Amino acid sequence: MPTPWTDSAEKVAVGGGPGTTSGASRTTYVPPHLRNRPPSSDPPAAAPVSYAGAAFRNDPQGYGGLPVGGSRSSGPENYRSGGGGGWNNRTGGLDRVREREANPFEDDIDTEQASEEQDNTGINFDAYEDIPVDTSGDNVPGPVNTFAKIDLGEALNQNIRRCKYVKPTPVQRHAIPISLAGRDLMACAQTGSGKTAAFCFPIISGIMTSSQFAQRPRAPRTAFPLALILSPTRELSCQIHEEVRKFAYQTGVRVVVAYGGAPINQQLRDLERGVDILVATPGRLVDLLERGRVSLQMIMYLALDEADRMLDMGFEPQIRRIVQQMDMPPPGARQTMLFSATFPKEIQSLAADFLSNYVFLAVGRVGSSTDLIVQRVEYVHESDKRSHLMDLLHAQRANGMDGKQALTLVFVETKKGADSLEHWLFINGFPATSIHGDRTQQEREHALRSFKCGKTPILVATDVAARGLDIPHVTQVVNFDLPNDIDDYVHRIGRTGRAGKTGLATAFFNENNASLARPLTDLMQEANQEVPAWLSQFAARSSYGKNRHGGGRYGGRDFRRDASFSKGMDYYGGSNVNYSHGASGAYGEAHGPVVTTDLLLSRLLTCDAVVNGDILELVQRFS
Ligand SMILES: Nc1ncnc2c1ncn2[C@@H]1O[C@H](COP(=O)(O)OP(=O)(O)OP(=O)(O)O)[C@@H](O)[C@H]1O
């Protein structure tokens, strides 16, 4: 998606093109009427008050760098001194960017009235108050309860207010201080609980106070982003880009998105104009890296959204190529943040390769938002699914939504199935559209827009829409075809019941889904949902169902605590369970012995004191 200032742009050095003496390396857009003028001497409109930034190990000037857990009260002089970086050198360019920067909140203002009418329930963040929070790692920085207590700087705080965020969600309360202290983070928090802002705020704040912000190597056609945010789908990348544009409005931090299926030339032009934060899908990024159009050597922050998906078999090779085989600084020299609502242990184990002395954070139960999503499972034969769906849709129409446009998202397993169901709904008088991998990017974006605005209030989708998409007013998710993996179910139903609102998730279950019975039952019980007796019977009958949430009361659990997963490394630093508004407690759980796969096998073969859970562990490892 092009950034609004990109039309008819031209590259000039930061500081104003002709007459620039700073030697700054960024490129930025200067509108035609301002070209050939001397640089402005105006101060930035919203100069930072007391940013401290992250404790970067690759911040040679020491801008904002603080010892882990240290106080964050450095004054402006901290970022004025040393190396000539920071705000002062880029004032002129910043002013110009601001002058031309389209207001990303404009759309919100246009639709504000409409959405207030639709949204009169308000955001009920009290629903998250009692959520249990579990952190582990060395010296975990404590949570904060208000944005005011987080030192993000005035410009960012103003954007937070523009977003109407009154207080941080639990994951934000915990994750933001951890990230601002410079720590790597693996964070697991419920769908719709504000993870995007949790990794974006520290990135933007850290970039603004970093010396690298103004000092970048310059190559005519190569972009040197300071932060990279990777996500698995094009639509999610676009959504994150839109969010970051809001959070970074008038900060001078430039955001570009690059994703497949869209013309690369426009994205190349956007990159040429300068980029601080690059939001990308892995495939398109690999393309850009191979063309030499992006270098990762200046990366200070790496964030993987939907990190477990990014590291599963489909994406892992591309992620390893991007993170380990190009020019990105290694763990420890960059700050890495991994976020998802689900984090299977085997993926955690893989992810540890990308992290350095990280904090693990689990907020709430996986798969539910304190019961905000009502989950229903109905037994429906394959041949009855369509008529059953029609009943649900009729009921939704009949119940009415007090004039509000209620949206229904229907998940199916195959692209062909999506096309066919969309067509069937359409000819039966239900305005529907669809999104799946066989549609062109233009068609996908059009479908999403048409769904969001309520023109076609039913969206039939494959898993391409399962993760991350934040669409207001999705009141119902229907799993017309259930997925094979319980984590996919968690993400799918998470398209409703977001940001403290309630939602309904209905699943059609039959014999074909028998393997899901047990994890589904477990998940529903964890979330205090009513489990039908017939489903419990299915669960009891079914063979071992893959329960990836094993061991944790809330689903997410640091794999380092399970010694058998520790790959021979003694790096578990302790744990701390508390409630979202509580303070950090003591650390120091005993380190467990390292149990290797070989040891597990030998115990099993010799029948020598098979430890409870070993067999389960082996099954998990080899399944
Ligand atoms: N502090 C806050 N106050 C009010 N609204 C918020 C706050 N933080 C985030 N939100 C809103 O909550 C919604 C969900 O946030 P977000 O999309 O980041 O969730 P998520 O945890 O990433 O979900 P998923 O796991 O599905 O990707 C968004 O509409 C966002 O604008």
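**Notebook: overall counts and one parallel sheet**

I began with burial, and of the 623 residues of the protein I find that 58% count as buried. I note at the outset that what I am reading is a predicted model.

For the surface, I looked up the exposed area, which comes to about 24,300 Å², with carbon and sulfur atoms supplying 51% of it.

Next I turned to the contacts in the protein with a separation of 6 or more, and I see that residues 24 or more positions apart account for 76% of them.

I then went through the secondary structure, where I have 20 helices and 17 strands for the protein.

In which order do the six strands of the open sheet run? Reading across, I get β11-β16-β15-β12-β14-β13, and the pairing is parallel. At the edges I find β11, residues 373-379, and β13, residues 432-435, each of which pairs on one side only. I also looked up the twist of this sheet: its neighbouring strands are turned against each other by 20 degrees on average, with direction ignored.

Within the sheet I checked one pair more carefully, namely β12 (residues 407-411) and β15 (residues 474-479), which run parallel and are joined by five bridges. Following one residue across, I find that L407 has V474 as its bridge partner in β15.

Which strands does helix α16 lie across? I find that α16, residues 486-493, lies across β11, β12, β15 and β16, the last of these spanning 503-509. Relative to β15, I record that helix α16 runs at about 155 degrees.

How values were computed:
Residues numbered from 1 in each chain as written. Predicted model: local features only at pLDDT ≥ 70, side-chain atom pairs only at ≥ 80, totals over all residues. Heavy atoms only, no water. Helix = DSSP H or I, 4+ residues; strand = E, 2+ residues; numbered from the N terminus. Buried < 20%, exposed > 50% of the residue type's maximum accessible area, 1.4 Å probe, protein only. Contact = heavy atoms within 4.5 Å. Areas by Shrake-Rupley, 256 points an atom, 1.4 Å probe, with all protein chains shown as cover. Pairing = 2+ DSSP bridges. Axes fitted to C-alpha atoms, helices over the stretch in contact; angles between N-to-C directions.
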